[in-house]
Amino acid sequence: MAASEPLQVCVKAATGAPDVLGDCPFCQRVILTLEEKHLPYEMKLVDLSDKPQWFLEISPEGKVPVVKFDDKWVADSDVITQLLEEKYPNPSLVTPPEFASVGSKIFPPFVKFLKSKDPNDGSEQALLDELRALDEHLKAHGPYIAGENVCAADLSLAPKLYHLKVTFGYFKSWTIPKDLTHVHKYTELLFSRESFLKTKPPKDEYVIAGWAPKVNA
């Protein structure tokens, strides 16, 4: 089943640039999915620092992304991507169940280490452990999480790895260790996909601006 009318998608506008696509990794995950499924969509950019009334009426909690399915606005990238898979099964992006959790634990230690002011709190090691586990998985099953074809787990992880690369380079002068060669190849593959290039923030500075208040708090 193909979408005839473009799907309406509310996503974060860039910090300080309300007419530009912003840096939310969960929003990018949704529009990445739409791109990979070749579905028409219309983006509505939302300035989260000054949420318009029309947006609060469809998303009372003020959260993005939200997508309109039929006549109902649906929030949460997990729910949205699952619905997209059910409604538009071709091409399939289903992650094999045995690989569903691969990479899913990278984001919490990434956030903790990025905000950390204490080099001995274990947050760097926790992130390294997760990245090493991903590297081992890709070594055995790559180049993508489920092999030759991109799947939902990749589209969830790609924006987070992009944020990791940009923010750690800027705020901590830290990069993913060179010996994690499979992770490096994986990020190059993901970041060069046409869908990713179309849906990422147009400038790295928007990613940095989005994280700055949290890092400097």
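# Exercises on a predicted model

The largest nonpolar core has 40 residues, and those with the most contacts inside it are Phe 110, Leu 127, Trp 174 and Tyr 186. A nonpolar core here is a set of buried Ala, Val, Leu, Ile, Met, Phe, Trp, Tyr and Cys residues joined through side-chain atoms within 4.5 Å. Buried means under 20% relative accessible area, exposed over 50%, and partly exposed in between (1.4 Å probe, protein chains only).

This is a predicted model, in which local features need pLDDT of at least 70 and side-chain atom pairs count only at pLDDT 80 or more, while totals for chains, interfaces and linings use all residues. Residues are numbered from 1 along each chain as its sequence is written, and side-chain values use heavy atoms, with hydrogens and water left out.

## Exercise 1: the cores

Find which helices each supply at least two residues of the largest core, and which residues Tyr 186 touches.

**Solution.**

Step 1. The helices are α4 (107-115), α5 (123-141), α6, α7 (181-191) and α9. Helices (H or I, at least four residues) and strands (E, at least two) are DSSP runs, numbered from the N terminus.

Step 2. α6 gives the largest share of this core, nine residues.

Step 3. Now turn to Tyr 186. Leaving aside residues up to four places away in sequence, Tyr 186 touches Leu 134, Leu 138, Pro 143, Tyr 144, Ile 145, Asp 154, Leu 157 and Leu 161. Contact means heavy atoms within 4.5 Å.

Step 4. A second, separate core has 21 residues, among them Cys 24, Leu 39, Val 64 and Leu 84. In soluble globular proteins, nonpolar side chains tend to be buried together.

## Exercise 2: strand β1 and its partners

Work out which strands β3, β4 and β2 run parallel or antiparallel to β1, and why β1 counts as largely enclosed.

**Solution.**

Step 1. Strand β1 covers residues 7-14, and seven of its eight residues are buried, so the strand is largely enclosed by the rest of the structure.

Step 2. Look at β3 (residues 41-46): six bridges join this strand to β1, and the two run parallel. Gln 8 has Glu 42 as its bridge partner in β3. Two strands pair if DSSP finds at least two bridges between them.

Step 3. β4 (residues 66-69) is joined to β1 by two bridges and runs antiparallel. Here Val 9 has Val 67 as its bridge partner.

Step 4. β2 (residues 17-21) also pairs with β1 over two bridges, in the antiparallel sense, and Ala 14 stands opposite Ala 17. The two strands form a hairpin with two residues between them, and Gly 16 in the turn has a positive phi of about 80 degrees.

## Exercise 3: helix α9

Check whether the length of α9 agrees with its 12 residues, then list its buried residues and some of what covers them.

**Solution.**

Step 1. The expected span of a helix is 1.5 Å times one less than its number of residues.

Step 2. For the 12 residues of α9 (residues 204-215) the span should be 16 Å, and the end C-alpha atoms are 16 Å apart, which agrees.

Step 3. The buried residues of α9 are Tyr 206, Val 207, Ile 208, Gly 210, Trp 211 and Val 215. Their cover includes β1, β2, α4 and α6 (152-171).

## Exercise 4: salt bridges with helix α1

Take three salt bridges and find where their residues lie and how exposed or buried they are.

**Solution.**

Step 1. The structure holds nine salt bridges. A salt bridge is a side-chain nitrogen of Lys or Arg within 4 Å of a carboxyl oxygen of Asp or Glu.

Step 2. Arg 29 and Asp 78 meet in one of them at 2.7 Å, N to O. Arg 29 is in α1 (residues 25-36) and Asp 78 in α3 (residues 77-87), 49 residues apart. Arg 29 is buried at 11% relative accessible area, whereas Asp 78 is partly exposed at 48%.

Step 3. Lys 198 and Glu 35 form another, with their closest N and O atoms 3.3 Å apart. Lys 198 lies in α8 (residues 194-199) and Glu 35 in α1, so the pair ties together parts 163 residues apart in sequence. Lys 198 counts as exposed at 52%, while Glu 35 is buried at 15%.

Step 4. Arg 193 and Glu 36 form a salt bridge whose closest N and O atoms are 2.8 Å apart. Arg 193 lies in the loop between α7 and α8 and Glu 36 in α1, so this pair ties together parts 157 residues apart in sequence. Arg 193 is partly exposed at 23%, and Glu 36 is buried at 11%.
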